[in-house]
Amino acid sequence: MRKMLHAAVAFATTATAVVAMSGAAQAAPAGNSTVYGCLSGNVCIWPENVWPQENPHPTNQYASYGAHNLSNQFGYHWVLNNQYGGATADLCYNYGGTNCGEHLAQDEWTYTYLTPVNSIILNRPRS
């Protein structure tokens with residue numbers, strides 16, 4: 001477990017450094033950019049305890065704005081908000097996108113415990 005935690009921290013640190021080096025550039029329009037199998041414009045979830053760079057096949061990809069109920073998502077998963085234009089995503093404890101906790105900005109990753117999470121919301125960019 002400790003080894004996995006250190007690897008997660010190392011990955012997060014690397015991802016943060018890459019984002020910091022890239023500045024505030026906008027993601028490419030839909031269809032032009034994938035990140036470890038996650039299509040541009042989507043929010044993606046990888047299988048439990050799987051490193052996206054080693055297995056670029058997310059099990060869940062969400063492309064439409066609004067709430068999406070999750071099912072059979074237990075344990076720790078990588079989640080990426082690969083939307084563009086400033087769109088955000090929220091992880092919520094209740095179905096239907098209520099009682100939300102973690103907020104993901106555009107291009108933000110999280111390695112999070114999804115057992116108590118029952119829905120995810122894809123939010124439109126603010127004008």
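Trainee: In what order are the bonded cysteines of the chain paired?

Mentor: The idea is to number the bonded cysteines in sequence order and then read off the partners. In this predicted model, the pairing is 1-2, 3-4. The count comes to 2 disulfides. One of them joins cysteine 38 to cysteine 44, and another joins cysteine 92 to cysteine 100.

Trainee: How should I read the handedness of the link between cysteine 38 and cysteine 44?

Mentor: Handedness is read from the torsion about the S-S bond. For cysteine 38 and cysteine 44 that torsion is about 85 degrees, so the disulfide is right-handed. The S to S distance in this pair is 2.0 Å. The link of cysteine 92 and cysteine 100 is right-handed as well, with 80 degrees about the S-S bond, and its S to S distance is 2.0 Å.

Trainee: Are cysteine 92 and cysteine 100 buried or exposed?

Mentor: Burial is judged by relative accessible area, with under 20% counting as buried. Cysteine 92 is buried because its relative accessibility is 0%. Cysteine 100 has a relative accessible area of 36%, so this residue is partly exposed. In the other disulfide, both cysteine 38 and cysteine 44 are buried.

Trainee: Where does cysteine 38 sit, and which residues is it in contact with?

Mentor: One begins with the secondary structure and then turns to contacts away from the sequence neighbours. Cysteine 38 belongs to strand 2, residues 38-39, and its relative accessible area is 0%. Beyond neighbours within four places in sequence, cysteine 38 is in contact with several residues, including Ser33, Val43, Cys44, Trp46 and Pro58. Gln61, Leu80 and Asn82 are also in contact with cysteine 38. In addition, the C-alpha atoms of cysteine 38 and histidine 57 are separated by 7.6 Å, although these residues are 19 apart along the chain.

Trainee: Which polar atom of the backbone lies 3.2 Å from the side chain of histidine 77?

Mentor: For a buried polar side chain, one looks for a partner atom. Histidine 77, in strand 6 (residues 76-81), counts as buried because its relative accessibility is 4%. A polar atom of its side chain lies 3.2 Å from the backbone nitrogen of glutamate 48. Histidine 77 also touches Ile45, Trp46 and Pro47, as well as Thr110, Tyr111, Thr112 and Leu114, among others.

Trainee: What can be said of histidine 68 in the same terms?

Mentor: Histidine 68 is placed in strand 5, residues 66-69. With 16% relative accessibility, histidine 68 counts as buried. Here the backbone oxygen of serine 64 lies 2.8 Å from a polar atom of the histidine 68 side chain. Outside its neighbours within four places in sequence, histidine 68 is in contact with Tyr62, Asn118, Ser119, Ile120 and Leu122.

Trainee: Which residues make up the largest nonpolar core?

Mentor: In soluble globular proteins, nonpolar side chains tend to be buried together. In this chain the largest nonpolar core has 12 residues, among them Val43, Ile45, Tyr62, Leu70, Val79 and Ala89. Strand 3 (43-45), strand 7 (88-94) and strand 10 (119-123) each supply at least two residues of this core. A second, separate core of 7 residues includes Cys44, Trp46, Trp51 and Trp78. To follow one member of the largest core, consider valine 79, which touches Val43, Ile45, Leu104, Leu114 and Ile120, among others.

Trainee: How many helices and strands are there, and in what pattern do they follow along the sequence?

Mentor: An overall reading takes the elements in order and then the contacts. The chain has 1 helix and 10 strands, in the pattern α-β-β-β-β-β-β-β-β-β-β. Among contacts between residues at least 6 apart in sequence, 64% join residues at least 24 apart. Of the 127 residues, 36% are buried. The accessible surface is about 7,100 Å², and 55% of this belongs to carbon and sulfur atoms.

Trainee: Over which residues is the pLDDT below 50?

Mentor: One checks the chain average before the individual stretches. The average pLDDT is 83, and 75% of the residues score at least 70. Over residues 1-31, however, the pLDDT is below 50. This stretch has 29 contacts in the model beyond near neighbours in sequence. Where pLDDT is low, the predicted coordinates should not be read in detail.

Terms used. Residues numbered from 1 in each chain as written. Heavy atoms only, no water. Helix = DSSP H or I, 4+ residues; strand = E, 2+ residues; numbered from the N terminus. Buried < 20%, exposed > 50% of the residue type's maximum accessible area, 1.4 Å probe, protein only. Contact = heavy atoms within 4.5 Å. Areas by Shrake-Rupley, 256 points an atom, 1.4 Å probe, with all protein chains shown as cover. Polar contact = N/O pair within 3.5 Å; in protein donor to acceptor, adjacent residues only side chain to side chain. pLDDT = per-residue confidence, 0-100. Disulfide = S-S within 2.5 Å. Core = buried A, V, L, I, M, F, W, Y, C linked by side-chain atoms within 4.5 Å.
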